[in-house]
Amino acid sequence: MTASTTTVRDSDIAPELLEQGRRAYQLDRAHVFHSWQAQGRFDPTTIVKTEGSYVWDGNGRRLIDLSSQLVNTNIGHQHPRVVEAVADQARDICTIAPQYVNAARSEAARLIAERTPGELNKIFFTNGGADAVEHAVRMARLHTGRRKVLAAFRSYHGGTQLAVNITGDPRRFANDYSAEGVVHFMPAYPYRSYFGSESPEQETERALRHLEDLILLEGPESFAAIIVESVPGTAGIYTPPPGYLAGVRELATRYGIVYIADEVMAGFGRTGAWFAVEHFGVVPDLVTFAKGVNSGYVPLGGVAISPEIAETFNDRAYPGGLTYSGHPLATAAAVATINAMADEAMVENARRLGEEVIGPRLERMRSEHPSVGDVRGLGCFWAIELVKDRATKEPLAPYGGSSAEMDRVVAAIRAGGVLPFANFNRIHVVPALNIADDVLRTALDVVDEALAVADGFARA
């Protein structure tokens, strides 16, 4: 396996790149409207170069990318095999309409189908994760003839109209008009149990009882689909307790509900398996994917479809499509990414990093820092949950927002040369799957030191 390393240092950034970055910042502030931001007070970081597990900011400072951007650059930045594959494809066919066969899309579909659980062998390509969710729900509704969708609180499924309503975090609030047929349920979340559970086994039993009660009270015959992140990502990387997803699968089967596994963030090796659902021994009816399928190099997402649902559309036209479905540049990037991940054993490496490097180090942080309430994760997919009081589990930042205390922790991490992924009261440890061990340990050292700032706000 090729480790994600680099020899370029701060001082090696060319002056013209820095000048280009200054110009880019000026143009950004004048013309770019950013997502999820109040535009006036937003002060974005300029990035002038990326390579391996590093990015360089507008001042030429090198940062270890512990965020994998939005947890999508699973193979790191500028992997030569993917860069070359996109360039080669551009020389042959830059774009072609989706009704025509092209080699890149066909091979990408084959490689994805080989890795999906069960017999999910048909692949519908989208431009990203949100529209993958939209189409998965559309397929489920047409297949079942039902409308309602079950989705968990503390989840994220995308920013388009239906996807953001399915989402179970505060980004839904301003966009939720209760017209999309979504019913939310409480998830199994052992650290902050909504059911008063005192063990993972209790959490599984009580969470499944709650889910079935909700199905029965809302009317089982009304539900087309249940969508669950196999391991929730932005919502907290809270891994489901033993038996929970198997129970979800059983309830879906019992009541004729399509089970959609959202693998947009957790898929393609992030958890140390090609798809996170593999850890739990269940086979869903549909799988949504994006992000890591081609490390985000060119926008791509999709839905992997079971034979039963695919058969629904054998003689009935599927009423949906996209101009760029299976775009040649995007699918060429997917082919190169999947092959590089396989050839360089990145999925196995992610599992090893979680078991040997990240997990043990985070457990040590929990034992040494009173501000650390919980650590949890799999592979290269971990969260550190920060609290003011371990006994009460009062978070260092409120649900749905940040805080001055949390901002200081994040600033300390960045000051130490690490680009973190932070959400609410959590720091997520989500490096590239091929990050070099020494680079990862350096990043974890920085996080460890920054937790001293959080400790200053924790009550003993």
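Begin by selecting helix α7, residues 200–218, together with the elements that cover its buried residues in this predicted model. These include β5 (148–152), β6 (182–185), β7 (223–229) and α8 (244–254).

Which residues of α7 are buried? Colour Glu203, Thr204, Ala207, Leu208, Leu211, Glu212, Leu214 and Ile215 to display them. They span an arc of only 155° around the axis, so they lie on the same side of α7. Now turn to the other side of the helix, where Glu201 and Leu217 are exposed.

Next, view α7 along its length. Its 19 residues reach 27 Å from the first C-alpha to the last, close to the 27 Å expected at 1.5 Å a residue. Select the residue that follows the helix: Gly219 has a positive phi, near 105°.

Move then to strand β4, residues 122–126. Is this strand mostly covered or mostly open? Four of its five residues are buried, and β4 is thus described as mostly covered. Add strand β10 (residues 301–305) to the selection: β4 and β10 run antiparallel and are joined by five bridges. To view one pair of bridge partners, select Phe124 and, in β10, Val303.

The tour continues with aromatic rings. A search of the whole structure finds 10 aromatic pairs. In one of them, the ring centres of Tyr54 and Trp56 are 6.2 Å apart and the planes are at 40°, so this pair is tilted. Both Tyr54 and Trp56 are buried.

Keep these two rings selected and display the charged side chains over them. Lys49 lies over the face of Trp56, 5.8 Å from the ring centre. Over the ring of Tyr54 sits the charged end of Arg62, at 4.2 Å from the centre of that ring.

Now select Phe268 and Phe289, both of which are buried. How are their rings arranged? The pair is edge-to-face, with 5.9 Å from centre to centre and 70° between the planes. Tracing the chain shows that this pair links distant parts of it, 21 residues apart. Phe268 belongs to the loop between β8 (258–262) and β9 (286–289), whereas Phe289 is in strand β9.

Finally, extend the selection to Phe125, Trp274 and Phe275. With Phe268 and Phe289, these residues are linked by ring pairs into a cluster.

Terms used: Residues numbered from 1 in each chain as written. Predicted model: local features only at pLDDT ≥ 70, side-chain atom pairs only at ≥ 80, totals over all residues. Heavy atoms only, no water. Phe/Tyr/Trp six-rings, centres within 6.5 Å; stacked < 30°, edge-to-face > 60°. Buried < 20%, exposed > 50% of the residue type's maximum accessible area, 1.4 Å probe, protein only. Helix = DSSP H or I, 4+ residues; strand = E, 2+ residues; numbered from the N terminus. Lys NZ or Arg CZ within 6 Å of the ring centre and 35° of its normal. Pairing = 2+ DSSP bridges. Expected span 1.5 Å × (residues − 1). Arc of directions from axis to C-beta. Contact = heavy atoms within 4.5 Å.
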